[in-house]
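Biologist: I have a model open and want to learn how to read its surface charges and its aromatic rings. Where do we start?

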Amino acid sequence: MRRITSPLTKAQIKNLKAGEEVLLSGAIYTARDQAHRRLCEAVVKGKKPPIELEGQIIYYCGPTQTPPGQIIGSCGPTTSARMDEFTPILLKAGIAGMIGKGRRSKEVVAAIKKYGAVYFLTYAGCAALLTQYVKEKTCVVYQDLGPEAIYKITVENFPLIVAIDAKGRDIYA
Amino acid sequence: MRTIKVDRITQVVAELCIRANLFLRKDVLNALRQAYFREKSKMARCILGAIIKNAKIARQKRLPLCQDTGIAVVFLELGQDVRITGGNLNTAINKGIELGYRKGYLRDSMVAHPLLRGKPVFSGGVIHIDLVKGSRIKITVLAKGFGCENKTALKMFKPTAGWKEVKHFIIETVKNAGPDACPPYIVGVGLGGTAEYAMFLAKKALLRKITTTTGYAFNAKLESDCLKDLNQLNLGPMGLGGKTTALAVNIETHPTHITGLPVAVNISCHALRSATTVL
């Protein structure tokens, strides 16, 4: 199985093919609905976004509270389609990949192709299992959003399935 | 008359919130295991294997099965010979939800107002109280994930519509949910009553063990007929193909008006989480 690391390079992305299973290591950023709204507002207004976007991977995830002695609470993917309206803006601003569950809109598929990015799935509804691949977690920004804040999490061999590749091939098409 | 203190109800609701979120229902786990052995597709087996492993890790590490620990929907069957003392029942249940979600390290997924939104909090579930005979209280907490709740559908059919049209609507609702709401699904269906009662029945249908029927032979036939068709859609686990699109279809019915036929569909993801205690 192919292993990839974040931040993603164009060379790494080019090799990925829809339907392929890969293992991801490195730092990724969680962001859901409200964090997307804020990030996009910043980008659209020409402000500097509060996190580095270039080459980064956004994980559509809002973890549960972290129990004592654990690195993170349960942390599975949320439905990606709710982020569709924001994704082309963030892709234009430099993000290279997204992790979530479910289908994406035609506009998102086109933007992924245009910017040479990638959309991954991970095991949906397997939030306890996925904690096992997280090595570190820190809150970066938007702490007032609670579970919807942006967390930087460092993962090791996080299991992914390539769902939409840089050529625009879609696993659900 | 038997008396039960509200504090006891708060404690029980809190425990049920945690139990529902950490321990996958046995009927659901068994259905997943059977599906795993039935599937031929490598990807479908791989995903079902991960789902089963997830239940084991959640149980062992005391972690929620899903990061979306749901909206707590509390069903109370309140015996009419019970007297509740020491405070207000609704307040006690709400306190129990907040306590359970905090203590169980579940997620603060609630906002106080649907438009104002604001900082997520732990409290604010939905409570259904039904008066029944006897002197017991049956309390059930359903931790309903909202990815699948978003796929809910209601249609008011003409009274001349038949099962064929109703089934088509159920199947279209599942197809519309597609891969987004974590298939394999458990499909709750409410037929009859009024619009809001059909919806209530659809949700209540999810509480019934998926291996059991309501006792109406006719309803059981509809359930297995619909399940068979759903599992031929080739949607499969995570929507990546396979024989397991749904683990069960649970149908509840109620008398309705000569002028209509309400049909409500409430889908649950594979992590169907509920827990019950009888006091």
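Modeller: Start with exposure. Buried means under 20% relative accessible area, exposed means over 50%, and partly exposed lies in between. Keep in mind that this is a predicted model.

Biologist: Is K53(B) buried, partly exposed or exposed?

Modeller: K53(B) has 44% relative accessibility, so it counts as partly exposed. Its place is in helix α3 of chain B.

Biologist: Which residues gather with K53(B) in the patch of positive charge?

Modeller: K26(B), R33(B), K56(B), R59(B) and K209(B) join K53(B) there, on the surface. Two elements of chain B give two or more residues each: α2 (26–38) and α3 (42–61). The largest share comes from α3(B), with 3 residues.

Biologist: Now the rings. How is an aromatic pair described?

Modeller: By the distance of the centres and the angle of the planes. Over all chains, the count comes to 6 aromatic pairs. Take F75(B) and F200(B): their centres are 6.0 Å apart and their planes stand at 40°, so the pair is tilted. This pair links distant parts of the chain. F75(B) sits in strand β2 and F200(B) in helix α7, 125 residues apart.

Biologist: Is F75(B) buried or exposed?

Modeller: Buried, at a relative accessible area of 7%.

Biologist: Which residue of helix α7 also forms an aromatic pair with F200(B)?

Modeller: Y197(B). That pair is tilted too, at 5.5 Å centre to centre and 35° between the planes. Y197(B) and F200(B) are 3 residues apart in helix α7 of chain B, so about one helical turn separates them. Y197(B) is partly exposed, at 29% relative accessibility.

Biologist: And which residues form an aromatic cluster in chain A?

Modeller: Y59(A), Y133(A) and F158(A) form one.

Technical notes: Residues are numbered from 1 along each chain as its sequence is written. Chains are lettered from A and ligands numbered from 1 in the order in which they are written. This is a predicted model: local features need pLDDT of at least 70, side-chain atom pairs count only at pLDDT 80 or more; totals for chains, interfaces and linings use all residues. Side-chain values use heavy atoms; hydrogens and water are left out. Patches are made of residues with over 30% relative accessible area and no salt bridge: like charges are joined within 9 Å, nonpolar side chains (Val, Leu, Ile, Met, Phe, Trp, Tyr) within 5 Å. Accessible areas come from the Shrake-Rupley method with a 1.4 Å probe; for residues, only the protein chains shown count as cover. A salt bridge is a side-chain nitrogen of Lys or Arg within 4 Å of a carboxyl oxygen of Asp or Glu. Lys and Arg count as positive and Asp and Glu as negative; His and the chain ends are not counted. The place of a charge is taken as NZ of Lys, CZ of Arg, CG of Asp or CD of Glu. Helices (H or I, at least four residues) and strands (E, at least two) are DSSP runs, numbered from the N terminus. Buried means under 20% relative accessible area, exposed over 50%, partly exposed in between (1.4 Å probe, protein chains only). Rings of Phe, Tyr and Trp (its six-membered ring) pair if their centres lie within 6.5 Å; planes under 30 degrees apart count as stacked, over 60 as edge-to-face and the rest as tilted.
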